[in-house]
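Please look through the sequence and the structure shown here, and then follow the questions and answers below, which work through a few side chains one step at a time.

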Amino acid sequence: MSEEALAAVPLVNISDQGIFKYIQIVVINGGKTSKTVVRGFDDCTWHADIFEREEAIFAKSGLKAECPGGGRIEHNPEKKYLKVYGYSQGFGKADHAQTKKILETQYPDYTIEISDDGFNCFNKEF
């Protein structure tokens, strides 16, 4: 059952627009197989809020979850643009290059940039 549950987990689930925190989650099927997914929501104040929400969803399907890191995503659907940058104080910095590859599966017609320079200077509220 959990093999099918793992296959059914979408690779990407992020907010439709804006600047928000994101995390990578390694979803594990009984320790045998896994896949890395990207989650980011504008209604979550902390990276841990995202993880707790998603971990509960995965647990209902018998899956385990681990978070290797996070950051921020800027999503501008009008310009078909995504920017991945920053880090999570609690989980550390995600592999933004891997995040970009995962995002490309759902947003193949977008320009996706990654930056390891930290936070955007105009984004003071975070």
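A salt bridge is a side-chain nitrogen of Lys or Arg within 4 Å of a carboxyl oxygen of Asp or Glu, and this cut-off is applied here to a predicted model.

Q: At what distance, N to O, do the side chains of Arg 39 and Glu 54 meet in a salt bridge?
A: Arg 39 belongs to strand 3 (residues 33–40) and Glu 54 to helix 2 (residues 47–60), so the pair links distant parts of the chain, 15 residues apart. Both Arg 39 and Glu 54 are buried. A salt bridge needs a nitrogen within 4 Å of a carboxyl oxygen, and for Arg 39 and Glu 54 the N to O distance is 2.8 Å.

Q: Is Asp 43 buried or exposed?
A: The side chain of Asp 43 forms a salt bridge with that of Arg 53 (2.9 Å, N to O). Asp 43 lies in the loop between strand 3 and helix 2, while Arg 53 is in helix 2, so the pair ties together parts that are 10 residues apart in sequence. Residues over 50% relative accessible area count as exposed, and because Asp 43 has 52% relative accessibility, Asp 43 is exposed.

Q: Which residue's backbone oxygen does the side chain of Lys 21 reach?
A: Lys 21, which the UniProt annotation "binding site" (unreviewed entry) covers, is found in strand 2 (residues 18–29). Because its relative accessibility is 8%, Lys 21 counts as buried. At 2.8 Å, its side chain reaches the backbone oxygen of Thr 45.

Definitions and conventions
Residues numbered from 1 in each chain as written. Predicted model: local features only at pLDDT ≥ 70, side-chain atom pairs only at ≥ 80, totals over all residues. Heavy atoms only, no water. UniProt positions renumbered as here; feature names shortened; annotations may be inferred. Helix = DSSP H or I, 4+ residues; strand = E, 2+ residues; numbered from the N terminus. Buried < 20%, exposed > 50% of the residue type's maximum accessible area, 1.4 Å probe, protein only. Polar contact = N/O pair within 3.5 Å; in protein donor to acceptor, adjacent residues only side chain to side chain.
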